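Thank you all for coming. Please take a moment to look at the structure on the screen, and then I will walk you through some of its charged side chains.

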Amino acid sequence: MAEEVNQDQVFDKRDLNKDGKVSFSEKVQYAASQAGDKLEDAINDYKADFKDAAGVAKVKAAEVADKAKDKAAEVKEKAADWKESAKEKTAEWKESAKEKAAEWKEEAKEKKAEWTAEAKESFAEAKEKVADKVDDVKDKFKKDEEKA
């Protein structure tokens, strides 16, 4: 003899209004509710994963921020060193330029004195040659006057 089956045990879960028939509308509603439940379960599963990932990301972000601060301090220090080095080089170049200018000024004075002396000497020679020519011309005029 077959056991009698309890009506509640045979109940179709898709029969939402419990009229013993499962309409297309009930099938769609049941499927949608099942999908919603599964989606909610998946969301809850992923929430924990996302919280863990967010925690890891926060830690990594803090590490990166610390490294960035250290790097920024290092760059700032290097920039200060470069600035100081540039100041020193500029001072060296200024001093070197002053020394060179003084050397060139001294050389110019020496050249001026040398050229002035040469010019005076050339002028004296030219003056002497002119005086000799004048004397020659005078002598020639005297001779010509004596002959006449």
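Lys78 and Glu74 both sit in helix α2, four residues apart, which is about one turn of the helix, and in this predicted model they form a salt bridge whose closest N and O atoms are 3.6 Å apart. Side chains of opposite charge can pair when their charged atoms come close. Glu74 has a second partner, since its side chain also meets that of Lys71 in a salt bridge, at 3.8 Å from N to O, and here the two residues are three places apart in helix α2, again about one helical turn. Through these shared partners, Lys71, Glu74 and Lys78 are joined into one network.

How accessible are the three residues of this network? Lys71 is partly exposed at 49% relative accessibility, Glu74 is partly exposed at 36%, and Lys78 is partly exposed at 42%.

Elsewhere in helix α2, Glu63 and Lys60 lie three residues apart, and their side chains form a salt bridge of 3.8 Å, N to O. Glu63 is partly exposed, with a relative accessible area of 37%, and Lys60 is partly exposed as well, at 48%. The count for the model comes to five salt bridges.

Now let us turn to charges of one sign. A patch of negative charge gathers on the surface, including Glu106, Glu107, Glu110 and Asp139. Of these, Glu107 is found in helix α2 and is partly exposed, with a relative accessible area of 45%.

Finally, Tyr30 also lies in helix α2, which runs over residues 24-147, and Tyr30 touches Lys13, Arg14 and Leu16, leaving aside residues up to four places away in sequence.

Note on methods
Residues numbered from 1 in each chain as written. Predicted model: local features only at pLDDT ≥ 70, side-chain atom pairs only at ≥ 80, totals over all residues. Heavy atoms only, no water. Contact = heavy atoms within 4.5 Å. Patch = residues over 30% accessible without salt bridge, like charges linked within 9 Å, V, L, I, M, F, W, Y side chains within 5 Å. Areas by Shrake-Rupley, 256 points an atom, 1.4 Å probe, with all protein chains shown as cover. Salt bridge = Lys/Arg side-chain N within 4 Å of Asp/Glu carboxyl O. Lys, Arg positive; Asp, Glu negative; His and termini not counted. Charge placed at Lys NZ, Arg CZ, Asp CG, Glu CD. Buried < 20%, exposed > 50% of the residue type's maximum accessible area, 1.4 Å probe, protein only.
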